[in-house]
Amino acid sequence: MRTRPAHRTTWTVAVTVALAAGLLISAPGTGRATGTSHVAGPSHTAGTSHIAAPNHTAGSPDPAPASEPGSPKTVSSGWSIPWGLSWLPDGSALLTERDSFKVYTLTQGGTKQQIGEVPNVVTTGGEGGLLSIAVSPSWKSDHYVYVMHTAADGNRVARMTFDGSALSDYKVLVDGIRKNTYHNGGRIKFGPDGYLYATTGDAQSPDLAQDKTSLNGKILRMTPDGMPAPGNPFGSLVYSYGHRNPQGITWDAEGRLWEGELGDSKYDELNLIEPGKNYGWPTCEGGCSTTGMTDPKRQWPVAEASPSAVAYADGAIYMAALRGERLWRIPVAGTSAGTPKAYYTNHYGRLRTVESVPGTKSLWLTTTNADNNGDGEAGSDKVFQIDLT
């Protein structure tokens with residue numbers, strides 16, 4: 001099997017979240033892909049894979065990002081399935097481990113410290129467990145951090161307090177998200193509008209993705225207390241639907257929401273998300289001609305991608321690939337996505353999470369080779385820094 005909430009309290013906070021700095025190139029993009037880009041073998045001198053002729057319909061010229069990723073440098077090693085990553089105001093990060101349920105701080109100098117474990121987490125023998133983490137945009141005043149994880153009764157979003165040294169005060173905000181061995185989604189992030197977004201998988205029940213009353217197969221948008229955010233298209237937590245197993249969301253420099261999604265056996269997707277839109281699953285996998293369903297901006301054969309996290313930096317979307325074992329860079333301009341290019345193919349194994357480092361032209365990238373689809377032992381995973389030059 002390939003990789004892939006009911007509501008509680010009430011108050012609404014609208015706070016603007018600063019996006020990671022980046023330049024949006026003004027050249028027009030190619031629009032939607034109808035095929036995929038293929039890459040040659042890894043370049044051991046430059047640490048990249050150079051793209052061959054892409055198999056997609058020609059469009060307008062590609063936007064050219066201002067930079068390219070350099071060779072990865074190890075920030076920290078000894079990890080076991082580091083899944084979620086979110087930045088604290090001091091420039092250090094919080095990271096989760098999926099199967100140990102532990103949360104750590106990691107400084108940019110590589111100092112790692114456990115700050116606690118998240119209670120009520122269970123594994124599924126596949127992809128469930130402690131997944132993503134998000135630091136409150138008001139952390140200096142409220143000390144909140146948010147987690148998405150699998151529990152005995154399903155997947156949920158919860159909030160905890162982090163006082164700078166330890167986690168405490170676990171509180172469930174959203175539950176009722178069905179779980180299964182696979183397809184649990186699991187990425188949470190605060191958007192530029194100050195609301196919390198969460199990706200949910202179809203829990204191996206594809207029809208849930210088309211059911212607007214279900215929380216599965218969706219992107220959810222909520223207040224910091226877990227209530228439906230104002231302006232949601234259906235008056236519920238649901239922001240978009242028709243998703244199979246989305247594990248990555250990010251915003252570009254103009255505040256547009258992009259999503260990476262694991263397909264089934266044909267195509268993985270990069271989607272531009274708009275409220276209320278239907279992204280096709282299970283009727284469509286990749287682009288299709290069905291009325292009312294929104295095509296991806298780019299798609300890949302599953303062997304070349306199987307994407308988890310996505311991040312925006314310096315004019316491009318970066319997409320971490322699990323089965324594909326590479327980092328994809330997709331230049332974006334406006335609503336267009338240009339020709340993808342692959343880096344580090346088969347160099348570092350399964351790539352799970354990529355995030356832009358605030359205030360810098362660099363990325364952090366994690367592996368999850370110790371997961372059940374990888375070939376690494378416990379403690380074999382790493383966190384890398386990649387400078388954009």
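This passage describes the fold content, the main nonpolar core and some backbone features of a predicted model. Local features were taken at pLDDT of at least 70 and side-chain atom pairs at pLDDT 80 or more, while totals for chains, interfaces and linings use all residues. Residues are numbered from 1 along each chain as its sequence is written, and side-chain values use heavy atoms, with hydrogens and water left out.

The chain contains 1 helix and 28 strands (DSSP runs numbered from the N terminus: helices are H or I of at least four residues, strands are E of at least two). Of its 389 residues, 60% are buried (under 20% relative accessible area, 1.4 Å probe, protein chains only).

A good place to start looking is the largest nonpolar core, which has 17 residues (buried Ala, Val, Leu, Ile, Met, Phe, Trp, Tyr and Cys joined through side-chain atoms within 4.5 Å). Leu94, Val103, Val118, Leu130, Val145, Phe162 and Leu167 touch the most other members. Strand 9 (130-135), strand 10 (144-151) and strand 11 (154-162) each give two or more residues to this core. Leaving aside neighbours within four places in sequence, Phe162 is in contact (heavy atoms within 4.5 Å) with Leu88, Leu94, Thr105, Ile115, Trp139, His143, Val145 and Leu167.

The backbone offers some details too. Trp281 and Pro282 are joined by a cis peptide bond with omega of about 5 degrees, and Pro282 lies in the loop between strand 19 (267-273) and strand 20 (298-301). Ala203, although not a glycine, has a positive phi of about 55 degrees; this residue sits in the loop between strand 14 (196-199) and strand 15 (218-222) and is buried, with a relative accessible area of 1%.

Key: Buried means under 20% relative accessible area, exposed over 50%, partly exposed in between (1.4 Å probe, protein chains only).
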